[in-house]
Amino acid sequence: MDIKKMIYDAENKIKEQNKVFEKHRKKYDEFCEDGIVNGIDYVMSNFKICYILKETNSSTGFDLAKFVREGCCGATWNNISRWTAGLVFNKEFDGVKSISKDDRIKYLAPIAAVNLKKTPGSASSNNKVIRQFARDDKAFIIDELKAIDPEIIICCGTGDIFIEEILDKKSSDFENVENNDDLFYYWHNDKLIIKYRHPQWRRKTSKYLFDNLVPYVKEIIEKKLTSLQENI
């Protein structure tokens with residue numbers, strides 16, 4: 001493990017991400033940053049995960065990464081903490097059934113989070129508005145993702161908008177997962193794009209949302225690795 005290289009990589013990712021923000025910020029009076037939560041934890045993670053969300057629940061400009069880094073709150077971030085704990089830290093649901101502020105700080109440190117709408121929003125999003133922002137700000141979002149360079153992109157209720165407006169693909173390009181009606185996937189330039197429910201989906205429990213995401217994502221990755229090895 002080359003610590004100096006990892007530190008350089010982390011600093012460079014944050015630097016390039018911030019360059020995108022500086023350009024993007026000029027477009028709006030009130031701008032909401034997001035991106036990598038903790039650079040070192042992110043580059044050291046066995047899975048570099050970026051969650052694609054809709055907008056920040058804030059009436060003014062906001063720094064989402066700082067909010068998450070400092071412990072955040074709410075059902076959305078508790079579930080994203082559980083999902084990341086399962087994917088990155090190999091936790092089972094029973095080990096993360098209860099989530100504290102310290103848990104959120106720990107489990108969310110290695111992630112990135114990107115909102116498709118970079119202006120203040122509310123707890124209830126309008127998908128037509130989110131889609132228009134994604135379409136209008138496509139170039140900025142692509143540049144941000146290039147800087148972050150995730151290996152896994154988990155779209156949280158944003159899958160159709162992301163694949164159609166950002167990747168210029170069709171929603172039907174997502175592949176079905178056997179025995180799972182809530183998760184779909186698409187390989188894009190060796191990056192795994194996951195279409196999944198919003199973490200605050202109220203129709204199902206936190207356990208359901210964990211069980212229908214974590215093991216299936218691991219299985220998709222394992223199948224990909226097995227396929228690559230067989231083709232060597």
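A residue is called buried when its relative accessible area is under 20%, exposed when it is over 50%, and partly exposed in between, with a 1.4 Å probe and protein chains only. This is a predicted model, in which local features need pLDDT of at least 70 and side-chain atom pairs count only at pLDDT 80 or more, while totals for chains, interfaces and linings use all residues. Residues are numbered from 1 along each chain as its sequence is written, and side-chain values use heavy atoms, with hydrogens and water left out.

**Exercise 1.** Find what share of the residues in the chain is buried, and state the spans of the C-alpha trace.

*Solution.* Begin with burial: of the 232 residues in the chain, 47% are buried. Then turn to the principal axes, along which the C-alpha trace spans about 50 × 45 × 40 Å.

**Exercise 2.** Identify the members of the largest nonpolar core that touch the most other members, and the helix that gives this core its largest share.

*Solution.* A nonpolar core is a set of buried Ala, Val, Leu, Ile, Met, Phe, Trp, Tyr and Cys residues joined through side-chain atoms within 4.5 Å. The largest such core has 39 residues, of which Trp77, Trp83, Leu183, Ile194 and Val217 touch the most other members. Its largest share, 6 residues, comes from helix H4 (residues 74-88), where a helix is a DSSP run (H or I) of at least four residues, numbered from the N terminus. Apart from this core lies another of 24 residues, including Leu116 and Phe174.

**Exercise 3.** List contacts of Leu183 beyond its neighbours within four places in sequence.

*Solution.* With contact meaning heavy atoms within 4.5 Å, the partners of Leu183 include Val177, Ile194, Tyr216 and Val217.

Methods: Helices (H or I, at least four residues) and strands (E, at least two) are DSSP runs, numbered from the N terminus.
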